[in-house]
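Please report on how this protein is put together, from its sheets and core to the shell around its ligand. Keep it brisk, and flag the backbone oddities.

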Amino acid sequence: MPPSPQARELTKSKPDADYTGKERNRMSRIFTPEDITHFHTKGYYIARSLFDAEEMRLLIEVAKADRDFDKAPQLHKDSSGMASKLRLKNFCEDDIYSAFVCAKRIVDNMELLIGDEVYHWHHKMMLKEPRIGGAWEWHQDYGYWYMNHCLYPDIASCAIAVDRAGKDNGCMQLISGSHLCGRIHHGMTGEQVGADMERVEALLKERELVYAEMNPGDALFFHSNTLHRSDQNRSEFPRWTLIGCYNAKRNNPYKQPSGHPSYHKLNKIEDDQVKPLAQKYWKAAIATAKP
Ligand SMILES: O=C(O)CCC(=O)C(=O)O
């Protein structure tokens with residue numbers, strides 16, 4: 001997303017920040033200019049194998065053993081009453097989910113895409129259970145986040161495929177280039193807030209519909225104005241996803257309470273620390289797991 005004039009000023013005044021070229025060489029998995037152009041023209045970019053198989057094994061095993069997730073999931077119901085289970089956190093915690101969403105290989109790249117320092121807006125672990133996992137209606141995330149007093153759509157998300165995401169188990173679908181439309185009107189669709197379907201249908205006639213099919217460890221970066229949805233999970237396979245969302249420092253909500261955090265420094269996790277941290281949390285989780 002092109003930085004606002006205000007952001008360009010901020011960027012100029014902070015030459016050593018991580019989103020400048022100077023720091024790029026230190027990143028372990030830096031996006032290429034082509035990757036960044038893909039994001040800006042299509043509103044998304046899929047980074048394949050951003051996390052390795054061992055990192056993903058640790059994450060999925062901890063998630064499955066997570067009693068808190070079992071005890072108190074939030075339910076995101078679709079119009080037929082089928083639901084995705086979620087646990088959404090506005091702040092990072094001392095846990096495996098935060099270690100992943102704060103990894104430099106996500107956050108440094110987010111800063112390149114957004115063109116500013118970013119901070120943690122929220123993250124959520126989501127499960128679409130086999131056969132009963134619910135759908136998500138067409139929406140833009142900024143359709144919601146506009147209501148959280150952010151003046152600009154300078155927010156983006158990274159959805160990590162924790163296990164395989166395919167058409168069969170309700171992977172994410174996106175309308176390529178739809179972020180270029182700006183914010184579309186949203187209203188209630190069943191229990192969900194959804195985008196104006198007349199516009200969505202018009203866009204679908206001229207833009208590509210993309211199924212974000214991913215293997216564990218792949219990560220989908222998408223703009224907050226990119227229209228997206230997903231189908232119910234009618235398959236035999238669960239679909240776990242960890243989604244981190246990041247706001248530009250320059251886009252701090254203009255008033256509080258906004259329902260979301262104001263700017264605060266994101267403590268990035270070095271890429272080579274993700275696995276040792278995941279192992280630490282895995283040991284703790286498995287020791288207290290259900291029999
Ligand atoms: O992962 C999905 O199926 C949809 C999630 C989504 O649309 C969202 O978190 O905004």
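Two residues are in contact if their C-beta atoms, placed from the backbone, lie within 7 Å. By that rule M110 touches V118, A156, C158 and Y246, leaving aside residues up to four places away in sequence. The model is a predicted one.

**Overall make-up**

The protein has 10 helices and 13 strands. Of its 291 residues, 45% are buried. Among contacts between residues at least 6 apart in sequence, 88% join residues at least 24 apart.

**The seven-strand sheet**

One open sheet has 7 strands. Their order is β1-β11-β6-β13-β4-β3-β2, and the pairing is antiparallel. The edges are β1 (44-47) and β2 (74-77), each of which pairs on one side only. From one strand to the next, the twist averages 25 degrees.

At the β2 edge, the partner is β3 (residues 83-89). The two strands pair in the antiparallel sense over 4 bridges. K77 has A83 in β3 as its bridge partner.

Helices lie across this group of strands. Helix α3 (residues 33-42) lies across β1 and β11 (219-223). Its direction is at about 140 degrees to β1. Helix α7 (residues 104-114) lies across β4 (118-128), β6 (155-161), β11 and β13. The angle between α7 and β6 is about 145 degrees.

**Helix α7 and the core**

How many of the residues of α7 are buried? The count is 11 of the 11, so α7 is largely enclosed by the rest of the structure. Charged residues are on the list too: K104, R105, D108 and E111 are among the buried residues of α7. The cover over the buried residues includes α3, α6 (96-101), β4, β6, β11 and β13. After α7 comes G115, with a positive phi near 80 degrees.

M110 of α7 also belongs to the largest nonpolar core, which has 67 residues. It is one of the members that touch the most other members, along with L59, F100, I160, A219, L220 and F221. In soluble globular proteins, nonpolar side chains tend to be buried together.

**The four-strand sheet**

A second open sheet has 4 strands, in the order β5-β12-β7-β10 with antiparallel pairing. Here β5 (136-139) and β10 are the edge strands, each pairing on one side only. The twist averages 20 degrees from one strand to the next.

Strand β7 (residues 172-175) pairs with β12 over 3 bridges, in the antiparallel sense. It is also joined by 3 bridges to strand β10 (residues 209-211), again antiparallel. L174 takes part in both pairings. Its bridge partner in β12 is H228, and it stands opposite V210 in β10. Q173 is bridged to R229 in β12.

**The ligand shell**

Which residues are around the ligand? They are M126, W136, D141, G170, M172, H228, S230, T241 and I243. The elements that give two or more residues to this shell are β12 (228-230) and β13 (239-248). By type, the shell divides into 4 nonpolar, 4 polar and 1 charged. H228 thus has two roles to note: it lies in the shell, and it bridges to L174 of the four-strand sheet.

**Backbone oddities**

Two residues have a positive phi although neither is a glycine. Both sit in loops.

| Residue | Phi | Loop | Other C-beta atoms within 10 Å |
|---|---|---|---|
| S49 | about 50 degrees | between β1 and α4 (53-65) | 14 |
| H149 | about 70 degrees | between α8 (141-145) and β6 | 17 |

Are these residues buried or exposed? A residue counts as buried at 20 or more such atoms and as exposed at 12 or fewer. S49 has 14, so it is partly exposed. H149 has 17, so it is partly exposed as well.

One peptide bond also stands out. The bond from Q256 to P257 is cis, with omega near 0 degrees. P257 is in the loop between β13 and α10 (274-287).

How values were computed
Residues numbered from 1 in each chain as written. Near = placed C-beta within 6 Å. Core = buried A, V, L, I, M, F, W, Y, C linked by C-beta atoms within 7 Å. Pairing = 2+ DSSP bridges. Axes fitted to C-alpha atoms, helices over the stretch in contact; angles between N-to-C directions.
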